[in-house]
Amino acid sequence: IIFHISRVTMLTSLEQYYQNVEVAADFVKAEIGLASIAIVLGSGLSGFTNQLQKRVVMPYKDIPNMPTTSVPGNPGELVSGELPLKCEGAVKVMCFAGRIHHYEGYTFEQVNFQVRLAAACGCSILIATNNAGGAIDGLVPGSAVVIRDHIRMTHVDPLRSVALDSRLCPPKLNLDNMYSERLAKLAMESADRLGQTLYEGTYCWTSGPTYETPAEVRFFLPNVSSQCLIGDGHR
């Protein structure tokens, strides 16, 4: 009996969460319409939005049910606009200038709210960025790395709490192709044309907000990968 009561309570909560995303999406679409690509901009990277044409800026606090961010370097704005293409035309993007972090006290559902909102607004491609520690030969501060896979060092699945709702978590979700081979190849080719060095690596997902201990870093390298990044990656 206790199990069934808990399950009903959980399903009710998931329904409310789903509705919260829908309400936020309706609000955003009324302001900016649909978009094709979502970009989550990590700390200090919000200047990218200056490249957009026909910009529309929406503070997180003005979007219904949207979590806000308190970490320096994360303005907390949804910036939509058109990104000019090299060939011709432009693509409609929505940029989340400011990441939501689990260590700010948010649940996994709140951390992932940005991604679900983007999907509800028509985005089929997500480009997620952040600042992370690196243990790849040749890396210097400011180096760019394409994430090819990740290892969840927290041993907590961020989809665990939404697994009962197929709208929020497809049954038996396969992560074999989670990171797009096509997009990674495009990124590497673009960097090569521009004469830029772009590394590839595996992302070691830790919880934050503290940095890793020296012992943890020593553990990651031989046991995980000599080509690794370290940071939080719930979304």
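A salt bridge here is a side-chain nitrogen of Lys or Arg within 4 Å of a carboxyl oxygen of Asp or Glu. I note at the outset that this is a predicted model.

**Entry 1: the count**

I searched the whole structure for such pairs and found five salt bridges. I looked up three of the pairs, beginning with lysine 61, glutamate 181 and glutamate 200.

**Entry 2: lysine 61 and aspartate 62**

Which residue does lysine 61 form a salt bridge with? The partner is aspartate 62, and the closest N and O atoms are 3.4 Å apart. The pair counts because this distance falls within the 4 Å cut-off. I then checked accessibility. Lysine 61 has 63% relative accessibility and counts as exposed. Aspartate 62, at 42%, counts as partly exposed.

**Entry 3: arginine 148 and glutamate 181**

I turned to arginine 148, whose side chain meets that of glutamate 181 in a salt bridge, 2.5 Å from N to O. Glutamate 181 is in helix H4 (residues 181–193) and arginine 148 is in strand E7 (residues 144–152), so this pair ties together parts 33 residues apart in sequence. Glutamate 181 counts as exposed at 54% relative accessibility. For arginine 148 I noted a relative accessible area of 27%, which makes it partly exposed.

**Entry 4: arginine 148 and glutamate 200**

Arginine 148 also forms a salt bridge with glutamate 200, with the closest N and O atoms 2.2 Å apart. This pair links distant parts of the chain: arginine 148 sits in strand E7 and glutamate 200 in strand E8 (residues 198–205), 52 residues apart. What do the shared partners make of Arg148, Glu181 and Glu200? Their salt bridges join them into one network. I added that glutamate 200 is partly exposed, at 34% relative accessibility.

**Entry 5: glutamate 109**

Next I looked for a charged residue without a partner. Side chains of opposite charge can pair when their charged atoms come close. Glutamate 109 is buried yet has no salt bridge. How far away is the nearest side chain of opposite charge? That side chain belongs to arginine 116, and the distance is 7.2 Å. The pair does not count as a salt bridge because 7.2 Å is not within 4 Å.

I placed glutamate 109 in helix H2 (residues 108–111). Its side chain has a polar contact of 3.3 Å with the side chain of threonine 107. Leaving aside neighbours within four places in sequence, I found glutamate 109 in contact with Tyr17, Ser161 and Val162.

Methods:
Residues are numbered from 1 along each chain as its sequence is written. This is a predicted model: local features need pLDDT of at least 70, side-chain atom pairs count only at pLDDT 80 or more; totals for chains, interfaces and linings use all residues. Side-chain values use heavy atoms; hydrogens and water are left out. Helices (H or I, at least four residues) and strands (E, at least two) are DSSP runs, numbered from the N terminus. Buried means under 20% relative accessible area, exposed over 50%, partly exposed in between (1.4 Å probe, protein chains only). Lys and Arg count as positive and Asp and Glu as negative; His and the chain ends are not counted. A polar contact is a pair of N or O atoms within 3.5 Å; within protein, one must be able to donate a hydrogen and the other to accept it, and residues adjacent in sequence count only if both atoms are side-chain atoms. Contact means heavy atoms within 4.5 Å.
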